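Colleague: I have just opened this one and would like some help reading it. Could you take me through a few features?

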Amino acid sequence: MLIDINTCFGASPQRRVRKALHVQSARMCRPRPGLEPTTQDVDWSLDNLIRIMDEHGVNRACAYSLRGKLYDFVSGNDETLRASQLDPRIEPVATIDPRRHFGCLEEIERCVDNGFRLFRFFPDEQGWSVRSLPFMTICEELAQYPVAIMVPAGGWGDQTFLAERLCDFGFPIVAMEASFGQGAETAALTERYETFYADTSALNTADTIEAFVRHAGAARLLFGSDSPEMYFESAYRLVEVARIEPEQRDMILGGNALKQLLKAVGA
Amino acid sequence: MKKIDVHAHHGQWQFPMPVDDETERLLRLCEREQIEYMVCSSALAIMYDMEAGNAEMVRAIEPHEQLLGYVYVNAAMLPESVEQMERYLPLDSMVGAKIHPRLSGVACDDPRMGALIAEVAARACVLLVHTVDQHAAHQLGDYAREYPHLSVILGHAGHTDSDEVARVAASVANVYIEFCCEWPGAGKIERALGICGPEKICFGSDSDLLDPAFTLGMYEGAGLSDAQRQLIYWDNAARILGLPGRPTA
C-alpha cells in the first residue's frame, strides 16, 4: 500500500518557483539587467497527478486543489471533491484560508458533510499566522469533527506553538515539508505528542528518517512526495534506502496514513 | 551504474542527523549508491575554520581511495587561501578548490572574489562554487572565460534558477552544472538537458547534508537514457577531474 499524503492539482498563474528563504537571502551578486525571475513549467493538471500515481504505483493520494489555495477555497474544495469522485484513489484534502474569516466555519461543516476528513493550511503562502485568532477559531471548529489537519513546518517555533495549543483537541496534526532547518522541531514534537506526525517529502536524508524511527517510532512518519511540483523519486528513494525494518518502511509508505490518519478520521 | 560525485562534504552539520564518524558515513553512502569517487570539501572549513577544516579532511580522506578533496578557499582570506592551496593541491587526493560565496561573505562580483579565482586558476584545474542564483552564475561564467583551462562547476545549478544557469553552462565551454539541492523541482534536469546537453551536467549529491538517494531521485526522475547516465554519472566528471578509466556498469 503506497499512500502519498502530499499532492495537489490545478494551475499556477505565476509559474514562479518557490525559493527557500535561506536561499533568497543568500543572493551573492549584483543583479544583472535583463534576467527575469525563473519560471517553471509544471504540469499541475489532475491528469498529470494521476499519471504520476500510475507510474509509481500510488494507491491513494491525498490531494488539494490549487484553486482552493490560490483563489477561492469553496470552489477549490468542490473541485477536489469532483476529482475524488472521478478517481477514488484521490483522497480529498480541503483547504480553508482564515483571511476570509466569514464563512470559514460553515465551509468546514459543508466539507465534513461531503466526506472531507483532511484539512490543509498554507499560512506562509497566503500570508497569515498560525498564531492568530481566526485560525484558532477554525481549529476549535475542526475539533468537533473526526478530522486531521496538515500545516507547514513553517518558521522555528510555529510547530511547537501548534502542538501545545492544539494537542488537547485530539485531532492528528501533520507537519508538512519539514526540511533540515525545521527537522529538529518536528522530531522533538513527534517524540512528545502522540497526535503529531511528519510528512517525509523534504526530510532530505535517509539518516533523518532512521533517527525519527529510532526516537519517535515509525508510526509518526507519513510518506509525501509534493507531486507534481517535485520529483516523486527524490522523496521515495529516501524511504526506500533508509536502514529500517521492512514493516517500518511499509508503515511509512502507507500503513500509517491508512491506520493513523485516514481510518482514524474515518476517511 | 557507478558514479562520480563532484559535490560532497566531510564534517558535521547542526541538523537532526547522526553524530558519528563522518568518514564512515560517506563511505557507507558511496557503497550504497555505487559512488566510485566522492569529492568532498570540509564542512568545518566552510562553516568555521578554513585551516583546521582542510587539515582535518585531508587526514580523514587520505586512507580512502574513494574519497577525494577540494581545498576550501575563502575570498575574505586571500593569503591564507593561497597558502592552503600551496599546501594541499600537490596531494594526489586533492583535485581542486571549493568556494562558498555566502559563507565567506564575499559576493561573486566583489574584486576579492576575482582575485581569489585568479589564484585558484594559477594552481588548480577544477573549481566548485556554491551557486544559488543566476546573477552569480553569469559572473562565474565571466571568470571561467578568463581562465579556459579551469573547469568551473556551478554547484546546485543555481537552485531554482537552473534554466538560466544551464544557459551559462551552454555558452561557456569550461562551465559545468550539478543539481544537488533541497528543492527537487520536477522537470529542471530535463530542461537543462535541452539547454546545455548532458555533456555539461555532472552528478553532485551534497552528501551528507543531503542524501545521495534524494539527489539521485531527481536524475532518475528525469528519465535519463543510458548514454546520458554514462556522461552525467561518470564521463564528464572523470574528464574534468582527470580520473582514470571507465567503470564497469
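Modeller: Happily. Let us begin with one pair: the side chains of A:Arg30 and B:Asp109 form a salt bridge, with 3.5 Å from N to O. Please keep in mind that this is a predicted model.

Colleague: How many salt bridges are there between chain B and chain A?

Modeller: The count for chain B and chain A is 3. Polar contacts are counted by another rule, and across this interface that rule finds 16 residue pairs, both partners being at pLDDT 80 or more.

Colleague: Which helices of chain B supply at least two residues each to the side that touches chain A?

Modeller: They are helix H1 (22–32), helix H5 (101–104), helix H7 (134–146), helix H8 (162–171), helix H9 (188–196) and helix H10 (212–221) of chain B. H10(B) gives the most, with 7 residues. Sorted by class, the side of chain B that touches chain A has 21 nonpolar, 12 polar and 18 charged residues.

Colleague: How should I read the size of an interface?

Modeller: The size is often given as the accessible area that is lost when the parts come together. Here, chain B and chain A bury about 4000 Å² between them, and 58% of that is on carbon and sulfur atoms. In terms of residues, 51 of chain B are in contact with 42 of chain A.

Colleague: Where does A:Arg32 lie, and which residues does it contact?

Modeller: A:Arg32 is in the loop between helix H1 (21–24) and helix H2 (46–56) of chain A. Leaving aside neighbours within four places in sequence, A:Arg32 is in contact with B:His135, B:His138, B:Gln139 and B:Asp142.

Colleague: Why does A:Arg32 count as partly exposed?

Modeller: Because its relative accessibility is 25%, and partly exposed is the class between 20% and 50%.

Colleague: And A:Asn77, is that buried or exposed?

Modeller: A:Asn77 counts as buried because its relative accessibility is 1%. This residue lies in helix H4 (residues 73–86) of chain A. Beyond residues up to four places away in sequence, A:Asn77 touches A:Val93, A:Ala94, A:Thr95, A:Ile96, A:Glu107, A:Arg110, A:Cys111 and A:Phe116.

Colleague: What can I read from helix H3 of chain B?

Modeller: Start with the length: H3(B) covers residues 50–61, 12 residues in total, and spans 16 Å from its first C-alpha to its last, close to the 16 Å expected. At the N-terminal end, B:Asp49 acts as a cap, with a side-chain oxygen 3.3 Å from the backbone nitrogen of B:Glu51. The buried residues of H3(B) include B:Met50, B:Val58 and B:Ile61.

Notes
Residues are numbered from 1 along each chain as its sequence is written. Chains are lettered from A and ligands numbered from 1 in the order in which they are written. This is a predicted model: local features need pLDDT of at least 70, side-chain atom pairs count only at pLDDT 80 or more; totals for chains, interfaces and linings use all residues. Side-chain values use heavy atoms; hydrogens and water are left out. Contact means heavy atoms within 4.5 Å. Buried area is the accessible area (1.4 Å probe) that two parts lose on being put together, summed over both. A salt bridge is a side-chain nitrogen of Lys or Arg within 4 Å of a carboxyl oxygen of Asp or Glu. A polar contact is a pair of N or O atoms within 3.5 Å; within protein, one must be able to donate a hydrogen and the other to accept it, and residues adjacent in sequence count only if both atoms are side-chain atoms. Helices (H or I, at least four residues) and strands (E, at least two) are DSSP runs, numbered from the N terminus. Ala, Val, Leu, Ile, Met, Phe, Trp, Tyr, Cys and Pro count as nonpolar, Asp, Glu, Lys and Arg as charged, and the others, Gly among them, as polar. The expected span of a helix is 1.5 Å times one less than its number of residues. Buried means under 20% relative accessible area, exposed over 50%, partly exposed in between (1.4 Å probe, protein chains only).
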